[in-house]
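Please open the model in your viewer, colour it by chain, and keep the selection tool at hand for the stops that follow.

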Amino acid sequence: MTINETQDEIIEEFALFDDWADKYEYIIDLGKKLKGLPEEQKTEDNIIKGCQSRVWLNAKLENGKLIFEADSEAVIVKGLVNMLIRVLSAHTPQEIAQADLYFIDRIGMSQHLAQTRSNGLASMVKQMKNYAIAYQLKA
Amino acid sequence: MILTDTLDIQKIRADFPILDQEINGRKLVYFDNAATTQKPQQVIDVITHYYQHDNANIHRGIHTLAERATRDFEASREAIRAFLGASSIEEIIFTSGTTQGINLVASTFGRKFIQAGDEIIISGLEHHSNIVPWQMLCEEKGCILKVIPVNDLGELDLEAYQQLLSEKVKLVSVNHVSNSLGTINPVAEIIRLAHGVGAKVLIDGAQATSHLNIDVQALDVDFYVFSAHKLYGPTGIGALYGKKALLEAMPPYMGGGEMIKEVSFEKTTYNDLPYKFEAGTPNIADVVAMKTALEYTQNIGRERIAAYEDELLQYATAQLSTIEGLRIVGQAAQKVSVVSFVIEGIHHQDIGVLLDNQGIAVRTGHHCTQPLMKRFGLLGTSRASFAMYNTLEEIDRLVAGLQRVKKMLS
């Protein structure tokens, strides 16, 4: 599935929710389902700056595809990062670097991109793209 | 409940237009008053009126507008003098807020009177703005920072404080009220003890002025700093009180216009107090509106406000305590209307996001007091802080909101 196909799929899923509570319960559920990271990978190097909760992001290249793993102390952040991983992980660094993440706005989560929310969704997106750009240059 | 007899809350609320709105489809509940209070229409009107009718640069203009602006600006200084119980307007310096007040004292008093090996005492309850300026000074001068420890209730350990006091201590700088926990510190006692070893005392009054009456002469405090925006006034304006003899002995803070008497390329002489510390065109409109904010609380009655806020605190403490897994952080005997809490197994950020979706504004995080959070083994808390326009019904909304948060996350 392409990045945009996954985004469209998420938009369709969110279209089913009537109110904020349904939406957040779904995100909380995604947060609980995120595999997370082993303690030894929750390092200072992997921390994403600019979040009110600590968020750790790890990236590795497998067969030309970039694989993301992440964890956080806050469940909603974990849910949001779970969606980002679903959209971006297992694509080539080039695809990730060029991705236009329109789904965030379409599912009504764009307020989480605002700096004041400091829950770091913007920082997560930026860090994932930075990994992609770095791996592109390495390749 | 006798609350409705104490204050006419609906009348007060009507003065705060911002409160009358919906957030995420629910009526706004604003419980982030320790970060900044909302502004009554009277304050907003004064700012507008100033720019519509009176705006001019102050002090040296000969025309009518300059005279009007100067009169209102200086009337505000007099109002602040009276509010703090200071003896003279020369002791009232306008600043951009508490942070600048502390930095001013660190940069002027600190540079001149604190030397290598001297000691400065702060407390474990301090906001970063009352930690970092002293660390910067200590780095520059080689002085030593000592910290009064905090007990499990969130109160300062006065015995430990007395152990820290010696002739080496040149300054004690503590907050009147803790922003994170709401603890009211025994500042009169802290000042008395400091003076016993010849140390000067700065009190950070940022969280105190909206709740407590201040009398700098009764306290015998050397410096007292606060911000207007936590007291129903505008942002970007505050005041520093300093004892006249100290302010006179201190060098100026910033160089520029207004703070000079005569300037030549060979030598500049400085202006008299308070202007010596007020370089540049000040924030005139907000200074003028600061007086209106003070008068607003005085007209309602500061004791009545304090009594009502205390009832809000008692009610919130009791109601929040009914939530299973919720623990109130900071249970000092003397508190203002601030409740900091954690809920077992739930990150404060999740609480903040899910309350906001229910229209309830609280603050979550470390509240710019990372050392204090570390003292309690926490990364942060959720903090509900109440002002005179808050109601018991709103506290009920918070409790119900938190129950819902718990359910959603369970």
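## Where the two chains meet

Between chain A and chain B there are seven residue pairs in polar contact, counting pairs with both residues at pLDDT 80 or more, and the confidence value appears there because this is a predicted model. Zero salt bridges are counted between chain A and chain B.

Select next the side of chain A that touches chain B, and colour it by element: α2 (20–33) and α3 (75–88) of chain A are the elements that give two or more residues to this side. Of these, α2(A) provides the largest share, with six residues. If you then recolour that side by residue class, you will find eight nonpolar, five polar and five charged residues.

Now widen the selection to both partners, which brings in 18 residues from chain A and 16 residues from chain B. The area buried between the two chains is about 1,500 Å², and carbon and sulfur atoms give 56% of that area. To see where chain A makes its main contribution, show W20(A), Q52(A) and I76(A) as sticks, since these residues supply 40% of the area that chain A buries against chain B, more than any other three residues.

## Across to chain B: N357(B)

Move next to N357(B), which sits in the loop between α13 (348–356) and β15 (360–361) of chain B. Is N357(B) buried or exposed? With a relative accessible area of 5%, N357(B) counts as buried, because the cut-off for that class is under 20%.

Display the side chain of N357(B) together with that of Y24(A), and you will see the two joined by a polar contact of 3.4 Å. Within chain B, a polar atom of the N357(B) side chain lies 3.0 Å from the backbone oxygen of V353(B). When neighbours within four places in sequence are left aside, the residues in contact with N357(B) are W20(A), Y24(A) and N24(B), and W20(A) is one of the three residues already shown as sticks for their share of the buried area.

## Back to chain A: K78(A)

For the last stop, select K78(A), which belongs to helix α3 of chain A. Which residues, beyond the neighbours within four places in sequence, is K78(A) in contact with? They are G31(A), L34(A), D71(A) and S72(A). K78(A) has a relative accessible area of 17% and is therefore classed as buried, the limit for that class being under 20%.

Note on methods. Residues numbered from 1 in each chain as written. Chains lettered and ligands numbered in written order. Predicted model: local features only at pLDDT ≥ 70, side-chain atom pairs only at ≥ 80, totals over all residues. Heavy atoms only, no water. Contact = heavy atoms within 4.5 Å. Buried area = accessible area lost by both parts, 1.4 Å probe. Salt bridge = Lys/Arg side-chain N within 4 Å of Asp/Glu carboxyl O. Polar contact = N/O pair within 3.5 Å; in protein donor to acceptor, adjacent residues only side chain to side chain. Helix = DSSP H or I, 4+ residues; strand = E, 2+ residues; numbered from the N terminus. Nonpolar A, V, L, I, M, F, W, Y, C, P; charged D, E, K, R; others polar. Buried < 20%, exposed > 50% of the residue type's maximum accessible area, 1.4 Å probe, protein only.
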